[in-house]
Amino acid sequence: MIVSHMILKNWRNFQAVDVTLQERVFLVGPNASGKSNLLDAFRFLRDIAKDGGGLQKAVADRGRLPKIRCLSARRSSNVEIEIQLAESSLEPTKWKYAIGITQEKGGKRRPILVYEKVWTGDKLILERPDEQDNHDTQRLTQTHLEQINSNMPFREIAVFLTSIQYMHLVPQLLRYPDSFPGQEIPGDPFGKRFLENLAKTSDKTRSSRLNKIESALHDVVPQLKELSFIKDETGAPHLEAVYEHWRPKAGKQREDQFSDGTLRLIALLWSLQEGKSLLLLEEPELSLNAGIVSKLAPVISRLQRQTKRQVMLSTHSPDLLSDKGIGGEEVLILKPGAEGTEIKVASSMHEIKDLLEGGLSIADAVLPITNPQKALSSWGI
Ligand SMILES: Nc1ncnc2c1ncn2[C@@H]1O[C@H](COP(=O)(O)OP(=O)(O)O)[C@@H](O)[C@H]1O
Ligand SMILES: [Mg+2]
């Protein structure tokens, strides 16, 4: 399943967003335009839905509701999120989930629901506040999404949201997890437990995934061969590969010797095969050379074809966006302005559509308008 449509109102630096989403989504915009904030809207829904999560915790983990609510919103306006889910971008909407949130006027100033609604197709199957909510307003501090007793008619939405994964791999954490003690972050977004996670995967699945990674890497890091999983004499898990170089005898290397870029790439390609729900990636181009980055988009597509996993990524990279296979409908342009950031699908902008039809890549057609210098002058600054 994919998130095929999203509407946001007063979410962080967005006053109003209404966009259709494809299987791959590229978020493009200047620094601080809200790319991470947009990804955070999906993580917020995941944090509500997941075990041990819930609305109160999802908000508290982000401070308080006024931190989430758009600073340029009118004083009393609600934070609202609506998503549509479909089997693919070509299928009709299967589910729609919408919530509006405000803060209690007095007392503990907890976040409370203004509404929570669920549709299957066009049919409204949950509409809160309902009679019970009106009897006991405490109930509005919790969504039905987070309660297994209440979400049974739309459990598929909860399962999908719970499995949303956010990845921003930090190579040093993966290599030396024990050198970074401290609280574990749920979902392991920075890859600290990546090797343990490999160890927990069944032998068959693990080697099938590693084989696919090796063949995907073949084009981009041709020196790396025989990628495999091993345990050392202490039982600790490792990745190992033969790294061919100019010396006649190629040596084996472990993950502590892989380059940062190779590790990020391996983790990314693993994640693409690991789940079926939305995968959120922050700047996957980091630490990779231009040649590799320019092949990321097609490599993602190839693995996606098997798992059908939707991928949404933020990027600043002209190399990544130079791939001519990226369509204008896959690119969201974030344009900051006085009333918050606006989001447009690249193909909906005539000037860009014309350039793309003329044969330019996204990098050539879109990046010039998100370039801060040019953007600042076009906003009269
Ligand atoms: N509630 C809010 N209202 C308005 N702006 C916000 C809010 N929360 C965060 N921001 C702003 O959003 C910007 C950061 O956006 P971010 O998603 O990190 O950008 P990017 O990932 O594109 O660099 C910052 O300038 C921050 O001040
Ligand atoms: Mg960011």
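## The open sheet

In this predicted model, 6 strands form an open sheet with mixed pairing. The strand order is β8-β12-β13-β3-β14-β15. β8 (165–167) and β15 (342–345) stand at the edges with a single partner strand each, so one side of each has no neighbour in the sheet. From one strand to the next, the twist averages 20 degrees.

Strands of a sheet pair through backbone hydrogen bonds, and the pairing is either parallel or antiparallel. Both senses involve β14 here: its pairing with β3 is parallel, whereas β14 and β15 run antiparallel.

## β14 and its partners

Strand β3 covers residues 24–28 and strand β14 residues 331–335, and 3 bridges link the two. Leu27 stands opposite Leu332 in β14. Helix α13, made of residues 362–370, packs on the sheet and touches both β3 and β14. The direction of α13 makes about 15 degrees with that of β14.

On the β15 side, 4 bridges join β14 to β15. Lys335 stands opposite Glu342 in β15. The hairpin of β14 and β15 has 6 residues between the strands. Within this hairpin, Gly340 takes a positive phi near 100 degrees.

## The chain as a whole

The protein chain contains 14 helices and 15 strands. Its radius of gyration is 22 Å, close to the 21 Å that the globule rule gives for 381 residues, so the chain is as compact as a globular protein of that length. Taken along the principal axes, the box filled by the C-alpha atoms is roughly 75 × 55 × 40 Å.

Of the 381 residues in the protein chain, 36% are buried. Contacts between residues at least 6 apart in sequence include many that span long stretches of the chain: 61% of them join residues at least 24 apart.

## Surroundings of ligand 1

Ligand 1 is surrounded by 15 residues. The closest are Asn13, Lys35, Ser36, Asn37 and Leu71. By class, the shell has 4 nonpolar, 7 polar and 4 charged residues.

Helices α1 (35–49) and α3 (65–68) each supply at least two residues of this shell. The largest share, 3 residues, comes from α1.

## Asn13

Asn13, one of the closest residues to ligand 1, is found in the loop between β1 (2–11) and β2 (14–20). Asn13 has 17 other C-beta atoms within 10 Å; a residue needs 20 or more to count as buried and 12 or fewer to count as exposed, so Asn13 is partly exposed.

Leaving aside residues up to four places away in sequence, Asn13 touches Gly34, Asn37, Cys70, Gly340 and Thr341. One of these, Gly340, belongs to the hairpin of β14 and β15. Asn37, also among the residues closest to ligand 1, is 24 residues from Asn13 in sequence, and the C-alpha atoms of the two are 7.5 Å apart.

## Glu196

Glu196 is found in helix α7, which covers residues 194–200. Glu196 has 12 C-beta neighbours inside 10 Å, and because 12 or fewer is the limit for an exposed residue, Glu196 counts as exposed. Thr234 lies 38 residues from Glu196 along the chain, and 14 Å separates their C-alpha atoms.

Methods
Residues are numbered from 1 along each chain as its sequence is written. Chains are lettered from A and ligands numbered from 1 in the order in which they are written. This is a predicted model: local features need pLDDT of at least 70, side-chain atom pairs count only at pLDDT 80 or more; totals for chains, interfaces and linings use all residues. A residue is near a molecule or strand if its C-beta atom, placed from the backbone, lies within 6 Å of it. Ala, Val, Leu, Ile, Met, Phe, Trp, Tyr, Cys and Pro count as nonpolar, Asp, Glu, Lys and Arg as charged, and the others, Gly among them, as polar. The radius of gyration is taken over C-alpha atoms; the globule rule is 2.2 Å times the number of residues to the power 0.38. Two residues are in contact if their C-beta atoms, placed from the backbone, lie within 7 Å. Two strands pair if DSSP finds at least two bridges between them. Axes are lines fitted to C-alpha atoms, for helices over the stretch in contact, and angles run from 0 to 180 degrees between N-to-C directions.
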